[in-house]
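Subject: Structure handover

Hello,

Here is the structure for you to load. My notes on what was found follow below it.

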Amino acid sequence: MLRLLCVTAHPDDEAGGFGGSLLLAASRGIETYVICLTPGQAATHRGGARSDEELAAMRRQEFQASCRVLKVACGEVLDFPDAGLDRVNFYAAVGELVDRIRKIRPHVMLSIGPEGAVTAHPDHSMASLFATLAFHWAGRSNRFAEQLQNGLAPHRTQKLYYATALFTLPDRQPVSLAPVSATIEIGAEFLEAKINAFKQHTSQSPLFPRFEAMVRKRGTRELFHLAASTSPREMPEETDLFEEVEED
Ligand SMILES: [Zn+2]
């Protein structure tokens, strides 16, 4: 069975850039996983929560509801601080992801680009850097070698993609996006489903109109940049994230 792992920063990141591709993968029998690094407790919109802890608990539930809509086999929210990923212990964060990669053994990984996506959020940039190093280091026997004493083996994921876009947001900090190398047609049904997935994040309901407008503007395509691959190659033009991926 093929497996796909998506690494994000905040509950709700999974819906916009990745939702259609997650659904498409699931519809093809690929097992999908999402790891979200923070429970989103620093959000501006609080959904009536009286404390960061309450908001975190609320957003963990919303994330699971979104994952159910996106037919994600397993969604996990880690406990790193929202709005603080640039100040956490880099080695520890990469180590947690390496551990998950060695357990899940994905064939393909998705994450955000180091620019931080169109919103330029520093947490997005850090999620990208953690996921990128974890992708590379999970396959090496001399990185986080202490994990390998518990029955885990090094695992090389065959491809790493960054979500990217063909537009930027004029009211945000400037971003330099990765060029598009993979265009995934998700279809009208999955476009509606990913909007529905985002709307499971009810604490963030003031963002719904803006999100929906942006997602509809992007349309039925999700765009990715192939950032790394286990087989050296020219930059491909792909329409399938699992192109040339071998089942083990
Ligand atoms: Zn985010």
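Let me start at one residue. His 124 is buried, at 8% relative accessibility. Buried means under 20% relative accessible area, exposed means over 50%, and partly exposed lies in between (1.4 Å probe, protein chains only).

Before the rest, the ground rules. This is a predicted model: local features need pLDDT of at least 70, side-chain atom pairs count only at pLDDT 80 or more, and totals for chains, interfaces and linings use all residues. Residues are numbered from 1 along each chain as its sequence is written, and side-chain values use heavy atoms, with hydrogens and water left out.

Zinc site

His 124 coordinates the zinc ion through NE2. The other donors are His 10 (ND1) and Asp 13 (OD), and the distances run from 2.1 to 2.2 Å. Donors here are N, O and S atoms within 2.8 Å of the metal (3.2 Å for Na, K and Ca); water is not among the atoms, so sites may look incomplete. Along the chain the donors follow the spacing H-x2-D-x110-H. Asp 13 lies in helix 1 and His 124 in helix 5 (residues 122-137), so the pair ties together parts 111 residues apart in sequence. Helices (H or I, at least four residues) and strands (E, at least two) are DSSP runs, numbered from the N terminus. Asp 13 is buried too, with a relative accessible area of 12%.

Helix 7

Which residues of helix 7 are buried? In this helix, residues 208-218, they are Phe 208, Phe 211, Met 214 and Val 215. Seen down the helix axis, they fall within an arc of 135 degrees, so they line one face of helix 7. The arc is that of the directions from the helix axis to the C-beta atoms. Pro 209 and Lys 217 are exposed on the other side. The cover over the buried residues includes helix 1 (13-16) and helix 6 (187-198). Contact means heavy atoms within 4.5 Å. After helix 7 comes Gly 219, with a positive phi near 75 degrees.

Lys 217 also lies over the face of Phe 167, at 4.7 Å from the ring centre. A charge sits over a ring if NZ of Lys or CZ of Arg is within 6 Å of the ring centre and within 35 degrees of the ring normal. Elsewhere, Arg 143 lies over the face of Trp 137, at 4.5 Å from the ring centre.

Aromatic pairs

The structure holds seven aromatic pairs. Rings of Phe, Tyr and Trp (its six-membered ring) pair if their centres lie within 6.5 Å; planes under 30 degrees apart count as stacked, over 60 as edge-to-face and the rest as tilted.

Take Tyr 161 and Phe 224. Their ring centres are 6.2 Å apart and their planes stand at 70 degrees, so the pair is edge-to-face. This pair links distant parts of the chain: Tyr 161 is in strand 5 (residues 159-164), Phe 224 is in strand 7 (residues 221-229), and they are 63 residues apart. Tyr 161 is buried, at 0% relative accessible area. Phe 224 is buried, at 0% relative accessibility. Ring pairs link Phe 18, Tyr 161 and Phe 224 into a cluster.

Phe 198 and Phe 208 form an edge-to-face pair, at 5.8 Å centre to centre and 70 degrees between the planes. Phe 198 lies in helix 6 and Phe 208 in helix 7, so the pair ties together parts 10 residues apart in sequence. Phe 198 is buried at 4% relative accessibility. Phe 208 is buried with a relative accessible area of 15%.

Salt bridges

How many salt bridges does a search of the whole structure find? It finds 19. The criterion is a side-chain nitrogen of Lys or Arg within 4 Å of a carboxyl oxygen of Asp or Glu.

Helix 6 and helix 7 meet again here: Arg 216 in helix 7 and Glu 192 in helix 6 are 24 residues apart. Their closest N and O atoms are 3.0 Å apart. Arg 216 is partly exposed at 38% relative accessibility, and Glu 192 is partly exposed at 41%.

Glu 238 bridges to Arg 233 at 3.9 Å, N to O. Glu 238 is buried at 3% relative accessibility, whereas Arg 233 is partly exposed at 30%.

Finally, Glu 76, Glu 96, Asp 99, Arg 100 and Lys 103 are linked in a network of salt bridges.

Best wishes
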